[in-house]
Amino acid sequence: MLRKILINLSLFSALLLCSFGAQAQGMVREFFACNFTNDANMDDLMEARDYMLEHLEMGGIDPATAFLWTPLKTNNEVDFLWFNQYESLNAFGAEQDDYLTNVHGQMVQNRFDGINECVSGIVTHQPLYTGGEFNPGDQSVIVNSSACQLKEGKSMAQVTDVIGSFTDMIDDLGSHDKSNGFMQTPLISSSGMDVYFFTVFGNLADWSAAQSAMGAAPQAQAIGAAFNDLVSCNTSLWQGQVIVQAP
């Protein structure tokens, strides 16, 4: 069975409307949507990652846990997404101050700037459910992602209601025991999106099985229609992996 995280409407409303002081209490992710430059490729990126770890250690800076997504089935031209995860917005700020003022951090930034161009932002990061049979660890995973905009006159409180119906449904079906689900809301972003959802699966077979189970569920059509009435989303599939593990 799914170990569900309780979805509290006031909490999600607070994530969107409250002060930065309150938002700093929850986990955040810094994201980079990047394209390679100067004929660079994934090998160059991994070499830059190794260079980063070496120089952060020299500068006495602890690295954040980092995740890399590469396109599998997407409708954009991004070469990769890089996420740094922090326990809070305060933790992000403290680490960034160290990074930006440290000579080793500046060397790392120059190395990355030489191989890619990125747009970046910061989002909150909240689990929606945890599949009891799935623990991704360091393995490569499949990520089903939706980047969504609220339709005119719609609210996140309404979206959260539908999310609750969705997690109830997949709990009853047992369709997502081999996956973990998350929601992200922008703190700083120029993407024009209001909310992001993504689900992590161990492989494409598990993703396909979950999609098939939902497609056959009689309540799925009504839940999907309710969701589509509230938001407009771009969906995509990515391969994901942990590329830096924080100490």
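**Salt bridges, rings and strands in a predicted model**

Let me begin with one residue, Lys154, which has a relative accessibility of 28% and therefore counts as partly exposed, since the buried class ends at 20% and the exposed class starts over 50%. Before I go further, please keep in mind that what we are looking at is a predicted model, and that every value I quote was computed from it.

Which residue does the side chain of Lys154 meet in a salt bridge? The partner is Asp229, and the N to O distance is 3.5 Å. Lys154 sits in the loop between S7 and helix H6, residues 156–173, while Asp229 belongs to helix H8, residues 220–230, so this pair ties together parts of the chain that are 75 residues apart in sequence. Asp229, for its part, is also classed as partly exposed, because its relative accessibility is 42%.

The count of salt bridges comes to 2, and one of them joins Asp50 to Arg49, with the closest N and O atoms 2.7 Å apart. Here the two partners fall into separate classes of accessibility: Asp50, at 42%, counts as partly exposed, whereas Arg49 has a relative accessible area of 17% and is therefore buried.

Let me step back to the chain as a whole. The protein chain contains 8 helices and 11 strands, and of its 247 residues, 46% count as buried. If we take the contacts between residues at least 6 apart in sequence, 84% of them join residues that are at least 24 apart, and I would like to show you some examples of such long-range links among the aromatic rings.

How many aromatic pairs does the count come to? The count comes to 8. Among them is the pair of Phe36 and Phe80, whose ring centres lie 5.2 Å apart, with 45 degrees between the planes, and which is classed as tilted. This pair links distant parts of the chain, since Phe36 lies in strand S2, residues 28–36, and Phe80 in strand S4, residues 80–86, with their positions 44 residues apart in sequence. Phe80 has a relative accessible area of 1% and is therefore buried.

Strand S4 takes part in another aromatic pair, that of Trp82 and Phe112, and one may ask why it is classed as edge-to-face. The centres of the two rings are 5.5 Å apart and their planes stand at 80 degrees, which is over the cut-off of 60 degrees, so the pair counts as edge-to-face. Trp82 is in strand S4 and Phe112 in helix H5, residues 103–113, so that here too distant parts of the chain are linked, 30 residues apart. Both Trp82 and Phe112 are buried.

Staying with the rings for a moment, Trp69, Phe83, Phe182, Phe198 and Trp238 form one aromatic cluster. There are also charged side chains over ring faces: Arg29 lies over the face of Phe67, at 4.1 Å from the ring centre, and Arg111 lies over the face of Tyr51, at 4.7 Å.

Trp238, from that cluster, brings us to the strands, because it is the bridge partner, in S11, of Val143. The strand I would like you to follow is S7, residues 141–150, which is mostly covered, with 8 of its 10 residues buried. S7 pairs with strand S11, residues 231–244, in the antiparallel sense over 10 bridges. S7 is also joined to strand S10, residues 195–201, by 7 bridges, again running antiparallel, and there Ile142 stands opposite Phe201.

I will finish with two buried polar residues. Asn180, in strand S8, residues 179–184, has a relative accessibility of 9% and so counts as buried. What does the side chain of Asn180 reach? The side chain reaches the backbone nitrogen of Gly131, at 3.0 Å. Leaving aside neighbours within four places in sequence, Asn180 is in contact with several residues, including Tyr129, Phe134, Pro136 and Phe198, and Phe198 is one we have already met as a member of the aromatic cluster.

The other residue is Thr185, in the loop between S8 and strand S9, 186–188. With a relative accessibility of 1%, Thr185 counts as buried, and its side chain makes a polar contact, at 2.4 Å, with the side chain of Thr124.

Terms used:
Residues numbered from 1 in each chain as written. Predicted model: local features only at pLDDT ≥ 70, side-chain atom pairs only at ≥ 80, totals over all residues. Heavy atoms only, no water. Phe/Tyr/Trp six-rings, centres within 6.5 Å; stacked < 30°, edge-to-face > 60°. Helix = DSSP H or I, 4+ residues; strand = E, 2+ residues; numbered from the N terminus. Buried < 20%, exposed > 50% of the residue type's maximum accessible area, 1.4 Å probe, protein only. Lys NZ or Arg CZ within 6 Å of the ring centre and 35° of its normal. Pairing = 2+ DSSP bridges. Polar contact = N/O pair within 3.5 Å; in protein donor to acceptor, adjacent residues only side chain to side chain. Contact = heavy atoms within 4.5 Å. Salt bridge = Lys/Arg side-chain N within 4 Å of Asp/Glu carboxyl O.
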